[in-house]
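Student: I would like to test the terms we use against the coordinates themselves. Could we take them one at a time, with the cut-off beside each value?

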Amino acid sequence: MGSRSPAGVAAELDGLAIADEYRRFARYQARGHSPSYEALSFGVAGDERLLALLHTLPPIKRQPNLLLAAARHLGAPVDAADRFLDWVVANWERVRSLVLTRRTQTNESARCATLLPLLAALPQPLALIEVGASAGLCLYPDRYRYRYDRGEEFGPTGSPVTLPCRTSGPVPTPRQLPEVVWRAGVDLNPLDPADPEDAGWLESLVWPEQTEWLERLRGALGVARTEPAHLVRGDLNETVRQLVAQVPDGATPVVFHSAVLAYLDPQARAQFTRTVRDLPCHWISNEAPGVFPELLDKLPEPAPADRAAFVLALDEQPVAFTGPHGERLDWFAGHGPEEG
Ligand SMILES: C[S@@+](CC[C@H](N)C(=O)[O-])C[C@H]1O[C@@H](n2cnc3c(N)ncnc32)[C@H](O)[C@@H]1O
């Protein structure tokens with residue numbers, strides 16, 4: 001039996017890690033939300049050709065969401081795993097080029113349903129600063145309608161976006177929508193809601209069966225086009241201080257982020273924590289549990305093991321677990337603003 005080269009062994013180990021990532025994505029993220037993505041991700045995990053091609057990409061570019069969105073954007077069939085896999089192999093150079101150009105910038109306005117109880121409880125009016133804003137669709141919590149499972153639907157009449165949200169625990173029901181006088185954001189690559197290319201990419205990031213999500217995205221893009229936010233290009237650590245300094249007099253500055261800090265390495269996250277702690281602002285964080293390990297000790301209960309959940313925190317105090325796409329809000333007893 002011939003011995004394998006170190007590069008061959010490394011590729012094989014890499015392939016196992018990539019396969020594991022795709023299986024986990026299939027099991028814990030796609031399952032129950034996108035049967036086709038579940039099947040395609042399991043398909044990728046079991047296909048030597050795809051694993052070898054993914055191995056040629058930088059690690060950050062191997063994510064299931066990115067590959068699946070890029071292939072779909074270019075017209076890959078998603079109704080059968082075999083056909084999808086053959087299509088990706090045959091069109092690899094185009095897929096590779098799009099994967100290297102684009103990022104997973106999924107912009108989910110529905111996350112506003114999980115942020116709203118905190119935003120509504122702060123001294124009004126608000127100046128919102130979102131770091132990792134993508135196209136800025138989470139900067140319009142006052143322009144969407146809300147349908148929490150306990151209570152009446154509310155929000156501006158005629159809004160093209162209604163956000164349903166399942167709840168548990170003593171969620172502080174907002175008495176009124178927040179008053180937002182300034183909307184600003186930073187992103188490494190801000191997307192322009194008015195640019196058809198950017199809007200098209202955002203649509204490709206929506207999972208195939210999620211027609212409500214697609215409608216929501218289109219509605220939110222329309223809202224953002226009507227009332228453009230002040231979005232700047234840059235790294236959040238280098239920009240957040242300047243943005244807070246620009247907040248109009250009389251407004252409460254709120255720095256917030258969701259599904260962003262996981263993209264930073266631990267040193268950059270620690271730098272962000274130090275910076276924001278020193279700024280005259282409130283800080284709302286909505287991120288996966290391991291992103292800020294210091295928050296784990298403050299959780300009143302362990303994060304759910306059977307589904308993906310984010311930790312919602314105000315000024316470093318966890319108040320709830322949230323659905324990663326804003327679909328649920330599980331408030332901790334005795335945490336955060338008083339029930340309204
Ligand atoms: C998954 S998207 C989430 C977008 C939005 N926060 C939401 O909840 O819908 C993550 C965004 O963070 C941005 N991002 C990642 N690292 C960043 C950094 N160091 N500085 C600024 N933006 C960053 C990405 O470009 C991307 O648009």
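Tutor: Gladly, and let's begin with packing: two residues are in contact when heavy atoms of theirs lie within 4.5 Å. Keep in mind that this is a predicted model.

Student: With that meaning of contact, what do the buried residues of α10 pack against?

Tutor: Their partners are four strands and a helix: β1 (126–131), β4 (180–187), β5 (230–233) and β6 (252–258), together with α11 (266–278).

Student: Which residues of α10 are buried?

Tutor: Helix α10 spans residues 236–245, and its buried members are Leu-236, Asn-237, Thr-239, Val-240, Leu-243 and Val-244. The term buried asks for a relative accessible area under 20%.

Student: What puts them on the same side of α10?

Tutor: Seen around the axis, they cover an arc of only 160°, which means that they share one side of α10. The spacing fits a general rule: an α-helix has 3.6 residues a turn, so residues three or four places apart point the same way. On the other side of α10, Glu-238 and Ala-245 are exposed.

Student: What makes Asp-235 a cap for the N-terminal end of α10?

Tutor: A side-chain oxygen of Asp-235 sits 2.8 Å from the backbone nitrogen of Asn-237. A polar contact needs N or O atoms within 3.5 Å, so a distance of 2.8 Å qualifies.

Student: Let's move to the rings. How many aromatic pairs does the structure hold?

Tutor: Nine.

Student: Why is the pair of Phe-25 and Trp-207 called edge-to-face?

Tutor: The ring centres are 5.6 Å apart and the planes stand at 70°. Pairing requires centres within 6.5 Å, and edge-to-face requires planes over 60 degrees apart, so Phe-25 and Trp-207 satisfy both conditions.

Student: How do you know that this pair ties together parts that are apart in sequence?

Tutor: Phe-25 belongs to helix α1 (residues 6–30), while Trp-207 is in the loop between α8 (196–204) and α9 (211–226), so the parts they join are 182 residues apart in sequence. Phe-25 is buried at a relative accessible area of 4%, and Trp-207 is buried at 3%. Ring pairs also link Phe-25, Tyr-37, Trp-207 and Trp-213 into a cluster.

Student: And what makes the pair of Tyr-146 and Tyr-148 stacked?

Tutor: Their centres are 6.1 Å apart, with 10° between the planes. Stacked means planes under 30 degrees apart, so the angle decides it. Tyr-146 counts as buried at 0% relative accessibility, and Tyr-148 counts as buried at 7%.

Student: Now the charges. Why do Asp-47 and Arg-49 count as a salt bridge?

Tutor: Their side chains meet at 2.9 Å, N to O. The limit for a salt bridge is 4 Å, so the pair passes. Asp-47 counts as buried at 10% relative accessibility, whereas Arg-49 at 37% counts as partly exposed.

Student: What does the salt bridge of Arg-143 and Glu-227 tie together?

Tutor: These side chains also meet at 2.9 Å, N to O. Arg-143 lies in the loop between β1 and β2 (145–148) and Glu-227 in the loop between α9 and β5, so the bridge connects parts 84 residues apart in sequence. Partly exposed lies between 20% and 50%, so Arg-143 at 33% fits that class. Glu-227 fits it too, at 27%.

Student: How far apart are the closest N and O atoms of Arg-147 and Glu-153?

Tutor: They are 3.4 Å apart, and the two residues form a salt bridge. In addition, salt bridges with shared partners join Asp-142, Arg-143, Arg-183 and Glu-227 into one network. The count of salt bridges comes to 17.

Student: One more residue: how do you know that Asn-286 is buried?

Tutor: Its relative accessibility is 0%, so Asn-286 falls under the 20% cut-off. Asn-286 is in strand β7 (residues 282–287). Its side chain makes a polar contact of 2.8 Å with the side chain of Thr-322.

Student: Finally, what makes the protein as compact as a globular protein of its length?

Tutor: The protein has twelve helices and ten strands. Its radius of gyration is 21 Å, close to the 20 Å that the globule rule gives for 340 residues, so the description holds. Of those 340 residues, 53% count as buried.

Definitions and conventions: Residues are numbered from 1 along each chain as its sequence is written. This is a predicted model: local features need pLDDT of at least 70, side-chain atom pairs count only at pLDDT 80 or more; totals for chains, interfaces and linings use all residues. Side-chain values use heavy atoms; hydrogens and water are left out. Buried means under 20% relative accessible area, exposed over 50%, partly exposed in between (1.4 Å probe, protein chains only). Helices (H or I, at least four residues) and strands (E, at least two) are DSSP runs, numbered from the N terminus. The arc is that of the directions from the helix axis to the C-beta atoms. A polar contact is a pair of N or O atoms within 3.5 Å; within protein, one must be able to donate a hydrogen and the other to accept it, and residues adjacent in sequence count only if both atoms are side-chain atoms. Rings of Phe, Tyr and Trp (its six-membered ring) pair if their centres lie within 6.5 Å; planes under 30 degrees apart count as stacked, over 60 as edge-to-face and the rest as tilted. The radius of gyration is taken over C-alpha atoms; the globule rule is 2.2 Å times the number of residues to the power 0.38.
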